[in-house]
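Please find below a colleague's note on this model, set out as numbered points. It takes up the ligand first and then a handful of individual residues.

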Amino acid sequence: MNERSSIKDHVTVVTGGAAGIGEAVVSRFAAEGARVAVVDKDPDKGNSITEKIKADDADALFVRADVTSASETKEAFRLVLERWGKVEILVNCAGGFFETHAIEDQKEEDWDAILAWNLKSVFLCCREAAPTMKKEGYGRIVNISSQAGRTGILETALHYGAAKAGILGLTRRLSVELAPHGITVNAVAPGVVLSPRVAEIHKDRLPEINKTIPMARPGGAEEIADGIWYLSTPGSSYITGVTLDINGGRWMT
Ligand SMILES: NC(=O)c1ccc[n+]([C@@H]2O[C@H](COP(=O)([O-])OP(=O)(O)OC[C@H]3O[C@@H](n4cnc5c(N)ncnc54)[C@H](O)[C@@H]3O)[C@@H](O)[C@H]2O)c1
């Protein structure tokens with residue numbers, strides 16, 4: 001592997017790394033030799049995936065944190081910096097939704113919670129990662145948006161679509177701010193991936209959804225992780241502020 005495609009030893013923080021797409025990123029990056037901090041609010045799953053990659057010789061750390069909390073996020077990054085002294089890659093994966101409602105039934109507290117879960121969490125983690133990346137003069141930030149943030153789809157939720165579109169605005173704005181420091185900031189917008197959470201949400205309508213996907217199937221979490229990996233490599237050095245759609249051809253600009 002040449003230097004431009006290697007993330008060996010790169011200190012990587014993956015939020016939501018204990019399940020779904022985040023777990024696939026953790027596994028892939030560990031296999032590439034990255035040093036991986038799994039930051040997740042679920043200690044059982046978080047410890048389990050961390051022990052699994054450590055058994056395969058990865059240098060890894062589990063940090064329990066809810067990334068909607070500024071204080072827990074700050075402490076998570078403090079622990080990562082204490083262990084490795086820097087952060088080179090940040091993959092913001094934590095997010096999601098559970099229910100969709102017509103606008104007149106949309107509760108204000110749910111709106112606030114989903115915006116915090118999907119958008120504020122990205123801001124909080126970027127805020128902690130930027131100073132160490134600036135100090136190093138190098139960084140790769142990949143924010144997980146969604147097809148729901150790229151176009152209107154009824155199967156997802158109103159607040160979720162707004163938050164995921166917000167991530168794209170944050171990504172573009174931050175990419176300009178951090179470009180002079182050797183830091184790239186990009187987004188990945190997955191289509192349908194049957195993580196445990198999404199498999200439950202879509203369990204009754206999967207055949208209908210498959211009909212709307214040219215490849216006639218959901219994506220694998222590892223197929224999303226492949227795109228995230230590329231945007232995390234040194235070789236993606238001139239790509240910043242972009243959104244990579246990974247959706248089996250379901251939607252394209
Ligand atoms: N699965 C899909 O079809 C799909 C499609 C588009 C975008 N996405 C996005 O991809 C990301 C991952 O989704 P998924 O369905 O693969 O994963 P998932 O929902 O199955 O798992 C997410 C992980 O994040 C953790 N987590 C949730 N909230 C957290 C918080 N506040 N702090 C720390 N950890 C937290 C959970 O404990 C879990 O381990 C989300 O941002 C989601 O919006 C998913």
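Notes on the model

1. Lys120 counts as partly exposed, because its relative accessibility is 40%, a value that falls between the 20% limit for buried and the 50% limit for exposed. This residue lies in helix 4, and its C-alpha atom is separated by 16 Å from that of Leu158, a residue 38 positions away along the chain. As with everything that follows, the values are computed from a predicted model, and they should be read with that in mind.

2. The surroundings of the ligand deserve a point of their own. The shell consists of 31 residues, of which Asp40, Trp117, Tyr160, Ser195 and Arg197 are the closest. Sorted by class, this shell holds 15 nonpolar residues, ten polar ones and six charged ones.

3. Which helices each supply at least two residues of the shell around the ligand? They are helix 1 (20-31), helix 4 (108-136), helix 5 (158-178) and helix 6 (196-201), and the largest share, three residues, comes from helix 6.

4. Three polar approaches to the ligand can be set side by side. The side chain of Asp40 places an N or O atom 2.6 Å from an oxygen atom of the ligand, while a polar side-chain atom of Asp66 lies 2.9 Å from a ligand nitrogen atom. At Val193 the partner is instead a backbone N or O atom, which lies 2.8 Å from an oxygen atom of the ligand. Taken alone the ligand exposes 840 Å², and the protein buries 94% of that area. The space that the ligand takes is the largest pocket.

5. Ser69 is found in the loop that runs between strand 3 (60-64) and helix 3 (70-84). Why does Ser69 count as buried? The reason is its relative accessibility of 18%, since the class of buried residues takes in values under 20%. The side chain of Ser69 is also joined to that of Ser71 by a polar contact of 3.2 Å.

6. Two further residues of helix 4 can be read together with Lys120. Met133 is found in this helix and counts as buried, because its relative accessibility is 0%; its C-alpha atom and that of Val87 are separated by 6.3 Å, although the two residues are 46 residues apart along the chain. Glu136 is likewise found in helix 4, but it counts as partly exposed on account of a relative accessibility of 37%. For Glu136 and His181, which are 45 residues apart along the chain, the separation of the C-alpha atoms is 8.5 Å.

7. Pro190 has its place in strand 6 (residues 183-190). Is Pro190 buried or exposed? With a relative accessible area of 5%, Pro190 is buried. Its C-alpha atom is separated by 5.5 Å from that of Asn247, and these two residues stand 57 residues apart along the chain.

8. Two aspartates call for a check of their backbone angles. Asp9, which is not a glycine, nevertheless has a positive phi of about 70 degrees; its place is in the segment before strand 1 (11-15), and it counts as partly exposed because its relative accessibility is 38%. Asp57 also has a positive phi, near 80 degrees, in a residue other than glycine. The place of Asp57 is in the loop between helix 2 (43-55) and strand 3, and this residue is exposed, as its relative accessible area of 73% is over the 50% limit for that class.

How values were computed: Residues are numbered from 1 along each chain as its sequence is written. Side-chain values use heavy atoms; hydrogens and water are left out. A residue is near a molecule or strand if one of its heavy atoms lies within 4 Å of it. A polar contact is a pair of N or O atoms within 3.5 Å; within protein, one must be able to donate a hydrogen and the other to accept it, and residues adjacent in sequence count only if both atoms are side-chain atoms. Accessible areas come from the Shrake-Rupley method with a 1.4 Å probe; for residues, only the protein chains shown count as cover. On a 1 Å grid over the protein atoms alone, a cavity is a set of points where a 1.4 Å probe fits but cannot get out, and a pocket is an open set with protein on both sides within 12 Å along at least five of seven lines; lining residues have an atom within 4 Å of a point. A molecule sits in a cavity or pocket if more than half of its atoms lie within 2 Å of its grid points. Helices (H or I, at least four residues) and strands (E, at least two) are DSSP runs, numbered from the N terminus. Ala, Val, Leu, Ile, Met, Phe, Trp, Tyr, Cys and Pro count as nonpolar, Asp, Glu, Lys and Arg as charged, and the others, Gly among them, as polar. Buried means under 20% relative accessible area, exposed over 50%, partly exposed in between (1.4 Å probe, protein chains only).
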